[in-house]
Amino acid sequence: MASPVGQALGHLRHKSVVFATMVVLAYLTVAASEESSGECKGGSCRKAHRAELQLCTGVCREYYPQMRYFIADDATKYTNLLVREPTGGSLTPRVFFFGEDGKEIESIEVGGMFSHELAEELQKRGIKPS
């Protein structure tokens, strides 16, 4: 039979392992969200010449009301932003950024953003309303 001190140490070790696991999972979650959120690395974004917002049509568009609001209220203010419906692939809204040479610089998922957040992301990358 283990002594009370031995039991307490075993319990403490178990809590330490659980805590360390939680810290690692929290770090990985933050790192993954920063990578996929479109955050600019080091506070600066690569400037784009034009951008393309791809948003599905039909029922799936109902899942993204903020994107619908952006398209209805703000998208026409950007002369270098094209809104189009993808012919295949992901149904999640994405913005693709292109350089002056027409090559894709980056793309970000914008389905979870509010319309003002999308506008901020566009402007950080040089896509400004006219």
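Let's start with a pair of charged residues: both Arg-125 and Glu-121 are buried. Keep in mind that this is a predicted model, so what follows is a walk through computed geometry, with pLDDT of at least 70 needed for local features.

How buried is Arg-125? Its relative accessibility is 0%, so Arg-125 counts as buried, because the cut-off is under 20%. Glu-121 comes out at 8% relative accessibility, so this residue also falls on the buried side of that cut-off. Glu-121 is part of helix H3, while Arg-125 belongs to the segment after H3.

What do these two do with their charges? They form a salt bridge with each other, and the closest N and O atoms are 2.5 Å apart. You can also describe the link between their side chains as a polar contact of 2.5 Å. Glu-121 has another partner too: its side chain makes a polar contact of 3.1 Å with the side chain of Lys-124. Step back a little and you'll find a network of salt bridges linking Glu-106, Glu-121, Lys-124 and Arg-125.

Now follow the chain itself. Just after H3 comes Gly-126, and its phi is positive, near 90 degrees.

Next, look along H3. Which of its residues are buried? They are Ser-115, Leu-118, Ala-119, Glu-121 and Leu-122. Around the helix axis these residues cover an arc of only 160 degrees, which puts them on the same side of H3. And what does that set of residues pack against? The buried residues of H3 meet E1, H2, E2, E3 and E4.

That brings us to the greasy part of the story. The largest nonpolar core has 20 residues. Phe-70, Leu-81, Val-95, Phe-97, Val-110, Leu-118 and Leu-122 are the ones with the most contacts inside this core. Several elements chip in: strand E1 (50-54), helix H2 (65-73), strand E3 (94-98), strand E4 (104-109) and helix H3 (115-124) each supply at least two residues. The largest share, three residues, comes from H3.

Leu-122 is a good residue to click on here. Leaving aside residues up to four places away in sequence, Leu-122 touches Ala-51, Phe-70, Tyr-78, Leu-81, Val-95, Phe-97 and Ile-127. Phe-70, Leu-81, Val-95 and Phe-97 should look familiar, since they are among the core residues with the most contacts.

Back to charges for a moment. How many salt bridges does the structure hold? There are eight. One of them joins the side chains of Glu-52 and Arg-84, at 2.5 Å from N to O. Glu-52 lies in strand E1 and Arg-84 in strand E2 (residues 81-84), so this pair ties together parts that are 32 residues apart in sequence. Are the two partners buried or exposed? Glu-52 has a relative accessible area of 8%, so Glu-52 is buried, whereas Arg-84, with 32%, is partly exposed.

Another salt bridge connects Asp-74 with Lys-77, and here the closest N and O atoms are 3.1 Å apart. Asp-74 has a relative accessible area of 19%, so Asp-74 still counts as buried, because the limit is under 20%. Lys-77, with 41%, is partly exposed.

Now try going back to where we began. Find Arg-125 in the segment after H3, then trace the salt bridge to Glu-121, and carry on along H3 to Leu-122, one of the core residues with the most contacts.

Conventions: Residues are numbered from 1 along each chain as its sequence is written. This is a predicted model: local features need pLDDT of at least 70, side-chain atom pairs count only at pLDDT 80 or more; totals for chains, interfaces and linings use all residues. Side-chain values use heavy atoms; hydrogens and water are left out. A nonpolar core is a set of buried Ala, Val, Leu, Ile, Met, Phe, Trp, Tyr and Cys residues joined through side-chain atoms within 4.5 Å. Buried means under 20% relative accessible area, exposed over 50%, partly exposed in between (1.4 Å probe, protein chains only). Helices (H or I, at least four residues) and strands (E, at least two) are DSSP runs, numbered from the N terminus. Contact means heavy atoms within 4.5 Å. A polar contact is a pair of N or O atoms within 3.5 Å; within protein, one must be able to donate a hydrogen and the other to accept it, and residues adjacent in sequence count only if both atoms are side-chain atoms. A salt bridge is a side-chain nitrogen of Lys or Arg within 4 Å of a carboxyl oxygen of Asp or Glu. The arc is that of the directions from the helix axis to the C-beta atoms.
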